[in-house]
Amino acid sequence: MATKAVLEGGPDDLPERIVPVSDPGQDLKIPHRGGYEHFKITSRHQDSPEGRLAVYEWWERTEIAE
């Protein structure tokens, strides 16, 4: 069973707000529109259709180096 998280903040057009987490507790880096959206874990949890999930909050965007 994969661990999942809820993403809070960041661009309104992110395709998913519930995402798999490969390394729980570590920051998430989500590829989006030619860059990465970075999310940090919070101490909060949220009930979702997939159960009670950790909340990760957006904190910055970086561009993909070419």
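This passage describes the strand pairing of one sheet and the surroundings of Ile18 in a predicted model.

The sheet is open and holds 5 strands, in the order β2-β1-β5-β4-β3. Its pairing is mixed. Strands β2 and β3 (28-32) form the edges, and each pairs on one side only. Neighbouring strands are turned by 45° against each other on average, with direction ignored. In general, strands of a sheet pair through backbone hydrogen bonds, either parallel or antiparallel.

Both senses of pairing occur at strand β1. Strand β1 spans residues 3-8, and strand β2 spans residues 18-21. These two strands pair in the antiparallel sense, over 4 bridges. Strand β5 covers residues 51-63 and runs parallel to β1. Here, too, the pair is joined by 4 bridges. Val6 has a partner on each side: Ile18 stands opposite in β2, and Val55 stands opposite in β5. Ala5 faces Ala54 of β5.

Ile18 lies in strand β2, an edge strand of the sheet. Its relative accessibility is 25%, so Ile18 counts as partly exposed; the buried class ends at 20%. Beyond its neighbours within four places in sequence, Ile18 is in contact with Lys4, Ala5 and Val6. Ser48, Glu50 and Leu53 are also in contact with Ile18. Ser48 is 30 residues from Ile18 in sequence. In space, the C-alpha atoms of Ile18 and Ser48 are 8.7 Å apart.

Note on methods:
Residues are numbered from 1 along each chain as its sequence is written. This is a predicted model: local features need pLDDT of at least 70, side-chain atom pairs count only at pLDDT 80 or more; totals for chains, interfaces and linings use all residues. Side-chain values use heavy atoms; hydrogens and water are left out. Two strands pair if DSSP finds at least two bridges between them. Buried means under 20% relative accessible area, exposed over 50%, partly exposed in between (1.4 Å probe, protein chains only). Contact means heavy atoms within 4.5 Å. Axes are lines fitted to C-alpha atoms, for helices over the stretch in contact, and angles run from 0 to 180 degrees between N-to-C directions.
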